[in-house]
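Thank you all for coming. I would like to take you through one structure this morning, beginning with a pocket, moving on to the nonpolar cores, and closing with two single residues.

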Amino acid sequence: MLEEVEHWLGRRSWSAGDRPLDQLLAAKRGAGARGTVSVVLPALNEEATVGAIVAAIRDELMSPAVPLVDELVVLDSGSTDRTAQVAAEAGARVVHRDSVLPRLPPLPGKGEVLWRSLLATSGEIVCFIDADLRDFSAEFVSGIVGPLLTEPDVQFVKAMYDRPLGTAADGSGAGQGGRVTELVARPLLNLHWPRLAGFVQPLGGEYAARRSLLERLPFPVGYGVELGLLIDALHTVGLDALGQVDVGVRRHRHQDGQALGRMAAAIYRTAQLRLARGHLVRPALTQFERGENGFVPRTHVVDTEERPPMAEIPEYERRRRAA
């Protein structure tokens, strides 16, 4: 590991418990408009978990006694279950992806929803939380928002945590989640962006950043969004402006092996673009499934689209000028 990264780990890695809520609230009051916080949950068919996450944030971080979060938005990307209804009943403002920037037909993918959320929110600190988390703790939010309220030089903060694979009572599978991280993202970062080698969960979906940074970054529309934002944030503001916070344990729904393969291909493609700023010769991935007569090839298109920095979108510029 680079000496610079070892030094960074000591300065920019924290625990959620390092900043009590009263300290965060005092820092938020002192920051004024710069301390406004929007929490965004990108959601697609997450009725089983989204309500509990919304309720925890509203009860613990949006009460008169603890007004840490100013805005809680569930960005629905076309759910066919009761995600929108459950989220609204729990107290979130639900926004459908297609209603944001309607002149641009939406593309499928999580990154598309995160990009559009910048137009659907107003906080100067934007916090993203995946909507499939189980046993959710509000410390996921307060932990990663904390450094942005108390450290003026910090601009981008990722959560770090253990990711158990499965829910066995004996603890088997502890730390074995995050397979794409270990097999694809971590090798890529160590080889090509060694200054990011200190991030424990580079692909984690829980992170917060200043709007002034996010609006300058391109957003890969699919699975590559987390890697792309992290790499581009490094090149835009430097390593010392990035941080990570230990929030304990993250439990969520795990993908099957083929879905992980598609995720890995998209992440590799995101890295390749940033290495060469070129295009893949063949942006597709063929996988195999066993059928009645042997293995059957299934080819999937790899995400090849990225949205431009939101600051370049006229509707966003007009809204910021009017604010």
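The second largest pocket has a volume of about 200 Å³, where a pocket, on a 1 Å grid over the protein atoms alone, is an open set of points that a 1.4 Å probe fits, with protein on both sides within 12 Å along at least five of seven lines, and a lining residue has an atom within 4 Å of a point. The volume itself is the space filled by probe spheres set on the points, which are joined across faces, edges and corners. Lining this pocket are 14 residues, and the closest to its centre are Ala31, Arg34, Leu148, Pro152 and Arg210. Two or more lining residues come from each of α2 (21–31) and α6 (139–150), helices here being DSSP runs of H or I with at least four residues, and strands runs of E with at least two, numbered from the N terminus.

I should say early that this is a predicted model, in which local features need pLDDT of at least 70 and side-chain atom pairs count only at pLDDT 80 or more, while totals for chains, interfaces and linings use all residues. Residues are numbered from 1 along each chain as its sequence is written, and side-chain values use heavy atoms, with hydrogens and water left out.

Turning to the interior, the largest nonpolar core has 48 residues, and Phe156, Val180, Leu196, Phe219 and Leu242 have the most contacts inside it. Such a core is a set of buried Ala, Val, Leu, Ile, Met, Phe, Trp, Tyr and Cys residues joined through side-chain atoms within 4.5 Å, and buried means under 20% relative accessible area, exposed over 50%, and partly exposed in between, with a 1.4 Å probe and protein chains only. The largest share of this core, seven residues, comes from α9. Apart from it lies another core, of 44 residues, including Ala16, Leu24, Ala43 and Val54.

Which residues does Phe219 contact, leaving aside neighbours within four places in sequence? Among them are Gly111, Trp115, Val225 and Arg307, contact meaning heavy atoms within 4.5 Å.

Finally, Asp59 is found in helix α3 (residues 50–61), and it counts as exposed because its relative accessibility is 59%. Ala284, in strand β12 (residues 284–291), counts as partly exposed because its relative accessibility is 24%. The C-alpha atoms of Ala284 and Val301 are 4.4 Å apart, although 17 residues separate the two in sequence.
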